[in-house]
Amino acid sequence: MINYNRRKFVSVENTANGEVSSNTIFEYNQEENILTATYSGGEIVKGTLIGIVKEDGSLQFRYNHVNVRNEIRGGQCYSTPETLPDGRIRLHEKWKWTDTDQSEGESIIEEVI
């Protein structure tokens, strides 16, 4: 199992309906199989997520944040890990807004060393 504790990630790709950008930094923490994170930057003033790390290293979590328009947004995400040649982790994410906007999207975030 991948241990995500104290790892930082940045968005490298996102669909147009997403609010995360290359200015958004995610700081992950893990206790046993429970994942938590805070994130901010770009359109995101402050965000949190909580979820589960599965045995294969994939992630299932819910996220909520406040954006620069002072809106509370939230959704759910499923992430599949890829280990890059330099050992960093790349996460391929499939997500869905669960607030008034029920649209879906995909993004990629990569570990920052």
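1. Where does Arg6 lie with respect to β1? In this predicted model, Arg6 belongs to the segment before β1, and its phi is near 65 degrees, which is a positive value in a residue other than glycine. As general background for this point, most residues other than glycine have a negative phi. Arg6 counts as exposed because its relative accessible area is 73%, and a residue is called exposed when that value is over 50%.

2. The overall architecture can be described through its strands, which form a closed barrel of eight in the order β1-β2-β3-β4-β5-β6-β7-β8, with antiparallel pairing. Within this sheet, neighbouring strands are turned by 30 degrees against each other on average, when direction is ignored. It helps to recall that the strands of a sheet pair through backbone hydrogen bonds, either parallel or antiparallel.

3. Following the chain from β5 to β6, one finds an antiparallel pairing over eight bridges, and within it Phe61 has Cys77 of β6 as its bridge partner. The two strands make a hairpin with four residues between them. Asn70, in the loop between β5 and β6, has a positive phi of about 65 degrees although it is not a glycine. Asn70 is classed as exposed because its relative accessibility is 67%, to be set against the cut-off of over 50%.

4. The next pairing, between β6 (residues 72-83) and β7, is antiparallel and rests on nine bridges. Two of the facing pairs can be picked out on the structure: Glu82 stands opposite Arg90 in β7, and Tyr78 has Lys94 in β7 as its bridge partner. These strands also form a hairpin, with five residues between them, and in its turn Gly87 has a positive phi of about 95 degrees.

5. On its way to β8, the chain leaves β7 through a hairpin of six residues. The pairing of β7 with β8 is again in the antiparallel sense, over seven bridges, and one facing pair is Lys96 with Glu104 in β8.

6. Which residues make up the covered face of β7, and which the uncovered one? The covered face holds Ile89, Leu91, Glu93, Trp95 and Trp97, whereas Arg90, His92, Lys94 and Lys96 make up the uncovered face. A student may find it useful that in a regular strand the side chains alternate between the two faces of the sheet. Three residues of the uncovered face also appeared in the pairs described above, where Arg90 was opposite Glu82, Lys94 was the partner of Tyr78 and Lys96 was opposite Glu104.

7. The largest nonpolar core contains 20 residues, and those with the most contacts inside it are Tyr4 and Tyr28. Two or more residues of this core come from each of β2, β3 (34-41), β4 (44-53), β5 and β7, and the largest share, four residues, is given by β7.

8. How many cavities of 30 Å³ or more are counted? The count comes to one, and the volume of the largest cavity is about 190 Å³. Its lining is made of 18 residues, and nearest its centre lie Val20, Phe26, Tyr63, Glu93 and Trp95. Two of these names, Glu93 and Trp95, were met on the covered face of β7. As a general remark on how such space is found, rolling a probe the size of a water molecule over the atoms shows where empty space is left.

9. The lining of the largest cavity draws at least two residues from each of β1 (8-14), β2 (25-31), β5 (59-67), β7 (89-97) and β8 (104-112). By residue type, this lining divides into 11 nonpolar, five polar and two charged residues.

10. A last point concerns two lysines, Lys46 and Lys94, which are 48 residues apart in sequence and 21 Å apart in space, taken from C-alpha to C-alpha. Lys46 is found in strand β4, while Lys94 is on the uncovered face of β7. Why is Lys46 counted as exposed? Lys46 is put in that class because its relative accessible area is 54%, and the class begins at values over 50%.

Technical notes
Residues are numbered from 1 along each chain as its sequence is written. This is a predicted model: local features need pLDDT of at least 70, side-chain atom pairs count only at pLDDT 80 or more; totals for chains, interfaces and linings use all residues. Side-chain values use heavy atoms; hydrogens and water are left out. On a 1 Å grid over the protein atoms alone, a cavity is a set of points where a 1.4 Å probe fits but cannot get out, and a pocket is an open set with protein on both sides within 12 Å along at least five of seven lines; lining residues have an atom within 4 Å of a point. Grid points are joined across faces, edges and corners, and a volume is the space filled by probe spheres set on the points. Ala, Val, Leu, Ile, Met, Phe, Trp, Tyr, Cys and Pro count as nonpolar, Asp, Glu, Lys and Arg as charged, and the others, Gly among them, as polar. A nonpolar core is a set of buried Ala, Val, Leu, Ile, Met, Phe, Trp, Tyr and Cys residues joined through side-chain atoms within 4.5 Å. Buried means under 20% relative accessible area, exposed over 50%, partly exposed in between (1.4 Å probe, protein chains only). Two strands pair if DSSP finds at least two bridges between them. Axes are lines fitted to C-alpha atoms, for helices over the stretch in contact, and angles run from 0 to 180 degrees between N-to-C directions.
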